Amino acid sequence: MKIYQQQLQLSHHRRGFHLITAEVIQALPQIIDLKTGICQVFIQHTSASLTINENADPTVRKDFEMYFNKTVPENDPDYIHDDEGPDDMPAHLKAALLGSAVTIPIRSGKLALGMWQGIYLCEHRNYGGQRSLMITAWGE
């Protein structure tokens, strides 16, 4: 079995849902050495998240942002944790709902995503800054 790991620093992205599939693939070219395996992408933050969804129509990403803003609103008077502003606690809740990692099969040296699937960086802060991902791939 082979194991590869690489940290990826993503530049600042505005609040919203952003396709990062190409950056992930570029960061770990050793995936090509694996006939069969698994790739895990983990975000090292608590106010941003990862998910896999539609990679073709950008309106899907806009609708994701609209839905999560309606579901987890800012300025809820019941929030106690607001040290970094009104988007602070909602960002943590959104990240908890979506999760901090995605797992993708590797087949014939490529991520085995479906035709219309891509990896999203879900940026829940107005000014989240750079984000760090840990990408680990293993297999034979």
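**Exercise 1. Cysteines of the predicted model**

Establish whether Cys122 is buried or exposed, and how many disulfides the structure holds.

*Solution.* Cys122 has a relative accessible area of 0%. Buried means under 20%, so Cys122 is buried. This applies to a predicted model. A search of the whole structure finds 0 disulfides. For Cys122, the nearest cysteine sulfur is that of Cys39, 16 Å away. A disulfide requires sulfur atoms within 2.5 Å, and Cys122 is in no disulfide. Cys39 is likewise in no disulfide; its relative accessible area is 0%, so Cys39 is buried.

**Exercise 2. The partner of Glu74**

Determine which residue forms a salt bridge with Glu74 and which parts of the chain the pair ties together.

*Solution.* The partner is Arg15, with the closest N and O atoms 2.4 Å apart. Glu74 lies in the loop between α2 (58-71) and α3 (88-98), and Arg15 in the loop between β1 (2-10) and β2 (16-19); the pair therefore joins parts 59 residues apart in sequence. Glu74 is partly exposed at 27% relative accessible area, whereas Arg15, at 18%, counts as buried.

**Exercise 3. The salt bridges of Arg125**

Identify where Arg125 and Asp87 lie, and which residues are linked with them in a network of salt bridges.

*Solution.* Arg125 and Asp87 meet in a salt bridge at 3.0 Å, N to O. Arg125 lies in the loop between β7 (117-123) and β8 (131-139), and Asp87 in the loop between α2 and α3. Their relative accessibilities are 9% for Arg125 and 4% for Asp87. Arg125 also forms a salt bridge with Asp88, at 3.7 Å; Asp88 belongs to helix α3, 37 residues from Arg125. The network links Glu84, Asp87, Asp88 and Arg125.

Terms used: Residues numbered from 1 in each chain as written. Predicted model: local features only at pLDDT ≥ 70, side-chain atom pairs only at ≥ 80, totals over all residues. Heavy atoms only, no water. Buried < 20%, exposed > 50% of the residue type's maximum accessible area, 1.4 Å probe, protein only. Salt bridge = Lys/Arg side-chain N within 4 Å of Asp/Glu carboxyl O. Helix = DSSP H or I, 4+ residues; strand = E, 2+ residues; numbered from the N terminus.
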